[in-house]
There are 2 protein chains.
Amino acid sequence: MIAMEELIHLTKKLIRFKSMHSNPQEITGCADFIEGYLRDCGANYRRLDYHGVPSILVLPQSGFVPILLMAHIDVVDGPDELFDPVEKNGKLYGRGSLDDKYAVALSLVLLKGHLENVRKQNKGQEDLPFGVLITGDEESGGFNGAKRSLQEVKADFCIALDGGGVHKIVVKEKGLLKLKLVSKGKAAHGARPWLGENAIEKLIEDYMKLRTYFEQSTPDHWHRTSNFSVIHAGKSLNQVPDYAEAFFDIRYTENDNMDELIETMQGKIQGDLVVETKEPLFFGGESPYLDLLLDISKNTEVGFEHGASDARFLAEHGIKGIVWGADGDQTQHSQDEHVNIESVYTLYRILDEFMKISGKPGS
Amino acid sequence: MIAMEELIHLTKKLIRFKSMHSNPQEITGCADFIEGYLRDCGANYRRLDYHGVPSILVLPQSGFVPILLMAHIDVVDGPDELFDPVEKNGKLYGRGSLDDKYAVALSLVLLKGHLENVRKQNKGQEDLPFGVLITGDEESGGFNGAKRSLQEVKADFCIALDGGGVHKIVVKEKGLLKLKLVSKGKAAHGARPWLGENAIEKLIEDYMKLRTYFEQSTPDHWHRTSNFSVIHAGKSLNQVPDYAEAFFDIRYTENDNMDELIETMQGKIQGDLVVETKEPLFFGGESPYLDLLLDISKNTEVGFEHGASDARFLAEHGIKGIVWGADGDQTQHSQDEHVNIESVYTLYRILDEFMKISGKPGS
């Protein structure tokens, strides 16, 4: 099949762009390349740039589309050799092969195919049931990509092609809270600790109380968790430290009221809790499109993930959705990142059928 | 009295040298100045230099002297204005006024006076009951000053003029142990902490056990203490840290067997204890010279201090001793460091009498 060949060929071309955030001109270059591809297809699109981060939005003039495919071209850092894609034993290796360039290629090839189809029926891009959003900063938070670009989109359902697996549709992801704990004490000479108040000791005492709020443990771990990520305190060996700070990476679920929890915890401790970042959870919601997908793809089930993705921005724009994708043995961000080629084909076929059914009048 | 005037005059001259360790040429310059003073007195002395740290040793040819006075010319850092001595309300202000330049001046003026006296009796320096050691690195550990120079000295009794007060002779100071605790864990993504082992958590668990060994608290605090000085751990907010290290400033007494304690503690924890520095305590011992001093100075009592000084090196050279000095309202190292001038005079008079009695044949 021509489309399948093009899928892998195009993914390889995309992998060759070293589109890391340490190399922003390569992210821009990759976006330029995609613009060229879209022009060749005769697709209407918009290039958006927020604080230097490029996004590409393929939508009808109205700005409304029933289904939105979302993927990203930026990748995490990697050595040069990872940007030279290698096919081996049915897998395509390379930085971004799985996260998330196969998905960009899949979206583009699917768009091209469906554009050709509607044109054969003397219709146009506005008759497509889907649009595409390709962003450039998922790996650095999505604030100038998905978060901003979704303001330009009206859609019923979004498929974020950036997680899960062919057999697992992700319908929720935990929210993220970065919390700082600050303890203050009183300096004194280290030989006379009783004259001071040790800020590290106070921080540890506080932490002992905080951690009681994160003791739940179930086999699926669908509950809030806290990771004691970073601590820095003390300047000099012979001094009682008068300042200590620690950072916690907290992940929460739809069952948590974090504002309330922070208030409760603050009431129990001596130090100060400071919210550094609070990101919503992704909670996809019920949708007939999800039902349709599960109907087409009999072996696929719904599930959840612990990490966060750009899908967390959907709710604030009133868009329901899922996170879904090809299989790659959980190798994203690793040295041997790869995507299983057959799973890309399978995903393509399912989405192709899904779009065909969704595009039919009265569907 | 001439000697009293010279005492303060000379202390002021010494204060004007910015003899901080950030400014080593001023330490050298101050030592050069003292050499000049000794030459003017016609005293025999040796200039020692270990790793660029100057010490000056005034001893008879034999290398033996009953009593050694010890003081230091180096000072802790301070702004320029602190090196401009100011006399006010009976106090002499300035960096080093109390710690420890009045003591250098006192030792020199006392030496000069006693040299003149013995010469009147047609005797010489070898008939003096005391010598003087002036060092240049007490504030940075004393390793190239007192520790090395004391190898060149045979003495019965040392008066380290660097602590205590006119009414308090220090006969013991705690030992110092710098201990590092290292914890190792297993990295994982911060969203899935259950897949990792948090090195900070492990360190805190260990610390909870370690601190049970430092819970004793008496009014005089003459027991071992531990200060949790420094902790550094964690690189990235979204990662489970796989390494954590902490430093403890431990002070111990003659009642502690630290090697045994470290072994016991190591047996209770998961991490590794590493001894960074271990310094002996100062334990002056019984001496007829101490009895004589207490006899001369009726209002003076013996006591102890929690900090460490160069006096800790005496024991390894078989020298008994005390730490003693003028009063300065505990202002050493502070912005308003000062010495109470009357207390310098009192100390001088006591030491003058002490040396006269000690110098008499058959004393």
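Biologist: Hi! Which helix is B:Val344 found in?
Modeller: In this predicted model, B:Val344 is part of helix 8 of chain B.

Biologist: And is B:Val344 buried or exposed?
Modeller: Its relative accessibility is 1%, so B:Val344 counts as buried, the cut-off being under 20%.

Biologist: Which residues is B:Val344 in contact with, leaving aside its neighbours within four places in sequence?
Modeller: There are B:Leu7, B:Tyr102, B:Leu106, B:Ala326 and B:Val339.

Biologist: What about B:Val118, how many Å separate its C-alpha atom from that of B:Val344?
Modeller: Those two C-alpha atoms are 24 Å apart, and the residues themselves are 226 residues apart along the chain.

Biologist: Back to helix 8 for a moment. At what angle do the axes of helix 1 and helix 8 of chain B cross?
Modeller: Helix 1 (residues 2-15) and helix 8 (residues 341-359) of chain B have axes that cross at roughly 125° and come within 11 Å. The two helices are therefore oblique to each other. The crossing of helix 1 past helix 8 in chain B is right-handed.

Biologist: Nice. Which residues make that contact?
Modeller: From helix 1 of chain B come B:Ala3, B:Met4, B:Leu7 and B:Ile8. Helix 8 of chain B brings B:Ile341, B:Val344, B:Tyr345, B:Tyr348 and B:Arg349.

Biologist: So how many of them are nonpolar, polar or charged?
Modeller: Sorted by class, the contact of helix 1 with helix 8 in chain B has eight nonpolar residues, no polar ones and one charged.

Biologist: Let's switch to chain A. How many helices and strands does chain A have?
Modeller: Chain A has eight helices and 16 strands. Its C-alpha atoms fill a box of roughly 85 × 45 × 40 Å along the principal axes.

Biologist: What share of chain A counts as buried?
Modeller: That would be 58% of its 363 residues. As for contacts in chain A between residues at least 6 apart in sequence, 80% of them join residues at least 24 apart.

Biologist: I'm looking at helix 2 of chain A now. How many Å should its 18 residues span?
Modeller: At 1.5 Å a residue, helix 2 (residues 24-41) of chain A should span 26 Å, and its end C-alpha atoms are 26 Å apart, which agrees.

Biologist: Which of its residues are buried?
Modeller: The buried ones in helix 2 of chain A are A:Ile27, A:Cys30, A:Ala31, A:Ile34, A:Glu35, A:Gly36, A:Tyr37, A:Leu38 and A:Cys41. Their packing partners in chain A are helix 1 (2-15), helix 3 (97-120), strand 1 (46-50), strand 2 (53-58) and strand 6 (130-135).

Biologist: What follows helix 2?
Modeller: A:Gly42 follows helix 2 of chain A, with a positive phi near 75°.

Biologist: Which residues that aren't glycine have a positive phi?
Modeller: A:His51 is one of them, at about 50°, and B:His221 is another, near 55°. A:His51 sits in the loop between strand 1 and strand 2 of chain A, while B:His221 is in the loop between helix 5 (199-210) and strand 10 (225-233) of chain B.

Biologist: Are these two buried or exposed?
Modeller: A:His51 counts as exposed, with 70% relative accessibility, whereas B:His221 is buried, at a relative accessible area of 14%.

Biologist: Last topic: where are the cis peptide bonds you mentioned in your notes on A:Asp100 and B:Asp100?
Modeller: In chain A, a cis bond joins A:Asp99 and A:Asp100, with omega about 20°. In chain B, the bond from B:Asp99 to B:Asp100 is cis, with omega near 20°. A:Asp100 belongs to helix 3 of chain A, and B:Asp100 to helix 3 (residues 97-120) of chain B.

How values were computed: Residues numbered from 1 in each chain as written. Chains lettered and ligands numbered in written order. Predicted model: local features only at pLDDT ≥ 70, side-chain atom pairs only at ≥ 80, totals over all residues. Heavy atoms only, no water. Helix = DSSP H or I, 4+ residues; strand = E, 2+ residues; numbered from the N terminus. Expected span 1.5 Å × (residues − 1). Buried < 20%, exposed > 50% of the residue type's maximum accessible area, 1.4 Å probe, protein only. Contact = heavy atoms within 4.5 Å. Axes fitted to C-alpha atoms, helices over the stretch in contact; angles between N-to-C directions. Parallel < 35°, antiparallel > 145°, perpendicular 65-115°, else oblique. Left-handed = near helix turned anticlockwise from the far one by under 90°. Nonpolar A, V, L, I, M, F, W, Y, C, P; charged D, E, K, R; others polar.
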